[in-house]
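Here are a few notes to read alongside the model, for someone opening it for the first time. Have the structure up on screen as you go.

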Amino acid sequence: MPFSTVCFNAASAAQDRKPSAWVDTNHSGKAGELVEGAPVYRTIDEALAAAPGAATQTWVIAIKPGRYREKLTVTKPNISFVGAGRDSTVITFDAFAGQDRPDGQGQWGTPGSATVTIQAPDFSSRGITIANTFDFLENDRRDKTSSDRVGASQAVALMLDTGADRSLFQEVALTGYQDTLFANVGRSLFEGCHISGNVDFIFGAGAAFFERCNIVSRYRGSADTLPAGFVTAPSTMIDQESGLIFHNCRLTKEGSDIPAGSHYLGRPWHPTKTFAEGRYADPNAIGVSVFLNCHMDDHIAEDGWTAMQGTALTGPRKWFQPLEDARFSEYGSTGPGACINAKRPQLDEEKAEIYSMANVLQDWQPTPMR
């Protein structure tokens with residue numbers, strides 16, 4: 001059967017979910033006051049704190065229009081964020097990896113920079129934007145030898161961290177530049193989402209399925225910076241079959257003047273870890289990125305994939321190659337950025353079925369939100 005027939009149909013399965021709590025930045029009354037049948041809070045963090053610690057039913061936090069500058073960590077299961085639309089409800093923060101933490105406990109690091117971190121199962125979200133607004137472009141324009149240039153400019157919008165699994169995102173926008181989405185653990189489904197960035201902006205070791213998403217490559221600080229970006233940087237472990245899987249997605253560019261061939265589909269990320277004999281890039285992180293029936297604009301490089309450096313056991317750095325040190329492939333790519341050559345491995349229909357939504361999500365059958 002054609003690959004597309006095995007995919008999840010949100011429209012036929014959607015269910016209404018009534019709010020368990022409201023968040024309204026303009027609320028002037030007491031926190032927890034009942035409004036429209038549910039308690040209302042001024043911040044999302046307050047609503048999270050009020051949620052039950054081990055809910056077996058979905059706890060829906062309905063977030064009214066507004067811009068919420070909050071840095072959030074979800075540690076309770078069955079939490080759902082429902083916004084008024086991704087252009088109306090925005091959660092934003094501007095932390096970056098090299099920034100000092102306010103508690104004096106060193107720097108944020110890449111994971112700590114996330115605007116929203118999920119550390120519990122069965123999280124869901126719809127109709128919202130999660131943004132990291134660190135000024136990457138201004139920093140990127142500075143001379144590399146300048147004392148005011150930040151070296152660790154990773155700035156995560158959303159992180160799926162230890163404890164996360166069965167994470168569902170519908171009509172959600174994730175915006176940033178470097179490292180926008182850190183899908184590092186568990187299974188996740190992104191349906192009809194808008195995800196933007198430039199350097200390794202969808203990355204990690206989790207099994208994430210992207211259905212009908214708009215994947216937008218953004219500018220660099222200087223037009224002379226080439227290559228200008230990398231859509232994915234998977235670190236999937238060798239014993240895991242699925243990684244970052246894109247189906248019926250559109251790979252577009254932020255502006256028409258972004259150069260043709262300036263962005264790659266991905267590169268192999270081998271995170272540095274501590275082993276008995278020292279710290280070096282994990283040789284078992286054989287990343288998986290697969291693009292199935294995706295449209296690609298002309299910003300995608302003809303070679304498709306490229307190499308990435310990692311820490312060597314002996315010596316400072318080593319290069320990991322896209323075809324030898326990762327599992328990268330395509331099936332049915334279209335558009336001016338699509339190309340079939342020796343550097344862009346292609347799947348046949350039978351092998352493409354390995355990466356169907358059912359196979360990636362396994363025994364999880366998401367119930368979409370309305």
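The points below go through strand pairing, one threonine, the aromatic rings and two charged side chains.

1. First, a caution: what you are looking at is a predicted model. Please read each point below with that in mind.

2. A good place to start is strand β18, residues 214-217, which pairs with strand β15, residues 194-197. The two run in the parallel sense, and 4 bridges join them. If you want a residue to click on, try S217 in β18, which has G197 standing opposite.

3. β18 also pairs with strand β21, residues 250-253. Here too the sense is parallel, with 4 bridges. For this pairing, look at I215, whose bridge partner in β21 is L251.

4. Now go to T73, which you'll find in strand β6, residues 72-74. Is T73 buried or exposed? Neither, quite: T73 counts as partly exposed because its relative accessible area is 40%, which falls between the 20% limit for buried and the 50% limit for exposed.

5. What does T73 touch, once its neighbours within four places in sequence are left aside? The answer is L48, T117 and Q119. As for A205, it is 132 residues away from T73 along the chain, and their C-alpha atoms are 19 Å apart.

6. On to the rings. Searching the whole structure turns up 15 aromatic pairs. One of them is F210 with F246, a stacked pair with 4.4 Å from centre to centre and 10° between the planes. This pair links distant parts of the chain, as F210 belongs to strand β17 (residues 207-211) and F246 to strand β20 (residues 244-247), with their positions 36 residues apart.

7. How accessible are those two rings' residues? F210 has a relative accessible area of 0%, so it counts as buried. F246 is buried as well, with a relative accessible area of 0%.

8. F210 and F246 also belong to one aromatic cluster. Its other members are F81, F123, F169, F190, F291, W305 and F328. Try selecting the whole set in your viewer.

9. Last, two charged side chains that sit over rings. The charged end of R69 lies over the ring of F93, at 4.3 Å from the ring centre. K71 has its charged end over the ring of W108, and there the distance to the centre is 4.1 Å.

Note on methods
Residues numbered from 1 in each chain as written. Predicted model: local features only at pLDDT ≥ 70, side-chain atom pairs only at ≥ 80, totals over all residues. Heavy atoms only, no water. Pairing = 2+ DSSP bridges. Buried < 20%, exposed > 50% of the residue type's maximum accessible area, 1.4 Å probe, protein only. Contact = heavy atoms within 4.5 Å. Phe/Tyr/Trp six-rings, centres within 6.5 Å; stacked < 30°, edge-to-face > 60°. Lys NZ or Arg CZ within 6 Å of the ring centre and 35° of its normal.
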